[in-house]
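I opened my notebook to record what I looked up, one topic at a time. The entries follow the order in which I went through the model.

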Amino acid sequence: MSYQALYRVWRPQRFDDLVGQQIVTRTLKNAIITHQISHAYLFAGPRGTGKTSAAKIFAKAVNCHHSKDGEPCNECEICKAITNGQLNDVIEIDAASNNGVEEIRDIRDKAKYAPTQADYKVYIIDEVHMLSTGAFNALLKTLEEPPANVIFILATTEPHKIPLTIISRVQRFDFRRISAEDAFNRMKYILDQKEITYDEKALWVIANAAEGGMRDALSILDQVLSFSDNEVKLDDALLVTGSVTKQLLKKYFLEISKHEGAAALDTMKDILDEGKDGQRFIEDLISFIRDILLYQELPSLISVESTGLKQEDFEEIVQLASSATLYQMIDELNNIQEEMRFTTHPDVYLEVLTIKLAQIDPQKNIQSAPTVSSDTNTEATKMIEKLQQEIQQLQQTVKQLQNTPVKASRPSPQQQNEQPRVQQKKVQVNLNKIYPVLENATRQDLINVRELWGDMLNLLSVPQRSLLHVSQPVAASAVGIIVAFDYPFLFQQAADDTTLLGNMESALQRLTGNERQVVFVPKDKWPKIRQDFIKDHGFGKNQQKTQPIIKQKTQATEGSGQPPAGTPAPMVEPPLPPEDEVLTEEKSPQEDNQVATAQKLFGSDIVKVEDN
Ligand SMILES: [Zn+2]
């Protein structure tokens, strides 16, 4: 018998099997129980979160004559036929491959005919945002005059690409990313059922790597199982997720911290020989150092079991480097990451990096460093001299390389052989999530959210609360809230934490009754994001013509945080035109950038206003 992928075998067949979507499934079940069926639904959310599974379960539940508590029986002929994709009345269309007007016209014509076997004809259109404009128009006509007993379920990962005319005619459900905890529990359940032994640490590695997609988690689990049929091992999980074996990273880190540049170069080569590419190595190192920083701050800030290291490892590492050194390391890593994006010779950059990292600190952090005996000191000085020479040579090579034109990078044999793995992460913000919040942001929403921020924190765990202490809400609408983090690496930490996002969203919902999507941004990028949004939406242009509004806008931008003496406090400011409301935020050191951008946009008199 051929092997069947876990995510197929374990595809949810009941609403209660869907992981992490309780709000959606409860509402859908209620609709079935109370017979309040709408003729069109939109299921929006990231990939692998259960949208099409939910659509099929809904198609069954609405047609099953033995449904109980809103769940399909999965036993009757109709249920079985839908599960197997054999019922003519349930039609699945992949818009990614059927994006023509013809196909939708075809739906329009056929939708007119009553269902043949079932009570309802159900069209499930996956990736609906891929439809052409013509096809959307044809679909709109159908939705405007919905035939009796026909239900459309539109599924998409990119709802903002769907015309508002369509959105306004559907009942929308937002599917959330699956938390690492939910993914962990689901995998545990499946493995227990299959009587497969597992290392829980391996499951955490997989759950974190899946980044909110249950299907991704199960695909990675499948790959890990292919190494060893009846066991899930940590090493295999690390290999498949492309994460450099943590012990090697730890060795590398200990060496650079002890200024053993030469040894660190060897370890780095070992890591690359494992088949990792340079970018991935840097990313892993950044997240490694981030974990150490957090651990140093407060051990409970990280869940040790999800890092693939032991408590003792952390204790050992924390002794070695001060947080100042760690921050310097992260800076170096961020710089090299940028430079490396365009090179065909990443190894040279990595060598320079390694030597730079091994040189960080001695004088600067002398207070915190343990005293070194004098002969190790001379030895160290010699080593440093040698390394400095080496670094000069390498820097020269880099300069030469930078001057040669960039060719498309050819993957090394190692890269070609590499296991398929989850997508690489970059420290970047997701405008697709930010813009929809900004489009409807109001100052009142922000004030409301800030008022209950403390209550929300109280509903979270201690580590989550500590992480959020360096953050604050900077914009809010009825459907979303944008939270800015002081440090980029803490932003990344938070953005990677799907459990945190989920918990914040449900806490906010409990407090306000509103379902709001939480979006994180690094604080230093926020002024630029906001300014770009204003530019993209043409707010800037309109205001360039009328000076009084420019002045009002300036106050709105600058006045909402800690205003300079004499400026009215934000709460008592006169009401502003709606486009200004997106500007509400805390005053931050980055406001200087903001002024520069604003000046570019609105002319120089804006600066005068700010100066008084
Ligand atoms: Zn049934």
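How are the donor residues of the zinc ion spaced in sequence? I noted that I was working with a predicted model, and then I read off the spacing as C-x8-C-x2-C-x2-C.

**Entry on the metal site.** I looked up which atoms hold the zinc ion, and I found that the SG atoms of Cys64, Cys73, Cys76 and Cys79 coordinate the zinc ion at 2.2 to 2.3 Å. I then checked the angles among the four donor atoms, which run from 102 to 122°, and I wrote the site down as tetrahedral because four donors count as such if all angles lie between 85 and 135 degrees.

Next I asked myself whether Cys73 and Cys79 are buried or exposed. Cys79 has 0% relative accessibility and therefore counts as buried, whereas Cys73, at 21%, counts as partly exposed. I reminded myself that buried means under 20% relative accessible area, so the value for Cys73 does not qualify.

**Entry on Asp216.** I located Asp216 in helix H10, which covers residues 214–227. With a relative accessibility of 17%, Asp216 counts as buried. Leaving aside residues up to four places away in sequence, I found that Asp216 touches Arg47 and Ala210.

**Entry on H8 and H9.** I reminded myself that two packed helices are described by the angle between their axes and the distance between the axes. For helix H8 (residues 180–194) and helix H9 (residues 200–209), I noted an angle of about 130° and axes 9 Å apart. At that angle H8 and H9 are therefore oblique to each other, and I recorded their crossing as right-handed. On the side of H8, the residues that make the contact include Phe184, Met187 and Leu191, while those of H9 include Leu203, Trp204 and Ile206.

**Entry on H16 and H17.** How are H16 and H17 oriented to each other? I found that the axes of helix H16 (residues 323–340) and helix H17 (residues 346–359) cross at roughly 165° and come within 11 Å. Angles over 145 degrees count as roughly antiparallel, and therefore I entered H16 and H17 as roughly antiparallel to each other. Their crossing is right-handed. Among the residues in this contact I listed Met329, Leu333 and Ile336 of H16, together with Tyr349, Leu350 and Leu353 of H17. I also wrote down Glu332 and Glu339 from H16 and Lys356 from H17, which belong to the contact as well.

Definitions and conventions: Residues numbered from 1 in each chain as written. Predicted model: local features only at pLDDT ≥ 70, side-chain atom pairs only at ≥ 80, totals over all residues. Heavy atoms only, no water. Donors = N, O, S within 2.8 Å, 3.2 Å for Na, K, Ca; no water. Tetrahedral: all angles 85-135°; square planar, octahedral: opposite > 155°, others 65-115°. Buried < 20%, exposed > 50% of the residue type's maximum accessible area, 1.4 Å probe, protein only. Axes fitted to C-alpha atoms, helices over the stretch in contact; angles between N-to-C directions. Helix = DSSP H or I, 4+ residues; strand = E, 2+ residues; numbered from the N terminus. Parallel < 35°, antiparallel > 145°, perpendicular 65-115°, else oblique. Left-handed = near helix turned anticlockwise from the far one by under 90°. Contact = heavy atoms within 4.5 Å.
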